[in-house]
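Colleague: Could you show me how to read helix packing in a model? I would like the general idea and then the case at hand.

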Amino acid sequence: MYWSHTLADLITLTDLKVQFEMVKAMSFTESLLYTAGQIFGAKQSTSEETLSSVNDMLAFAKMVNG
């Protein structure tokens, strides 16, 4: 049987897909939080953190989702 992808390729593709979906979900969550804040009149914080690594994104996702 011929395999079109190696195990390393499948792991890389799966990892990229998971990261893409995580970024999409975080973007939706941030948009939802911003919109809800605007609706209910929340004050904007002046210092916004940038999420520059996967660990930062995971920590943010755990904080938001509990």
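**Reading a helix pair**

Modeller: Happily! Helix 1 and helix 2 are oblique to each other (not under 35 degrees, over 145 or 65 to 115). This is a predicted model, where local features need pLDDT of at least 70, side-chain atom pairs count only at pLDDT 80 or more, and totals for chains, interfaces and linings use all residues. Residues are numbered from 1 along each chain as its sequence is written, and side-chain values use heavy atoms, leaving out hydrogens and water.

Colleague: At what angle do helix 1 and helix 2 pack?

Modeller: Two packed helices are described by the angle between their axes and the distance between the axes. Here helix 1 (residues 7-40) and helix 2 (residues 54-65) pack at about 50°, with axes 11 Å apart; axes are lines fitted to C-alpha atoms over the stretch in contact, and angles run from 0 to 180 degrees between N-to-C directions. Helices are DSSP runs (H or I, at least four residues).

Colleague: Which residues in helix 1 meet helix 2?

Modeller: Among them are Met22, Val23, Met26 and Leu33, and the helix 2 side includes Leu58 and Phe60 (contact means heavy atoms within 4.5 Å).

Technical notes. Helices (H or I, at least four residues) and strands (E, at least two) are DSSP runs, numbered from the N terminus.
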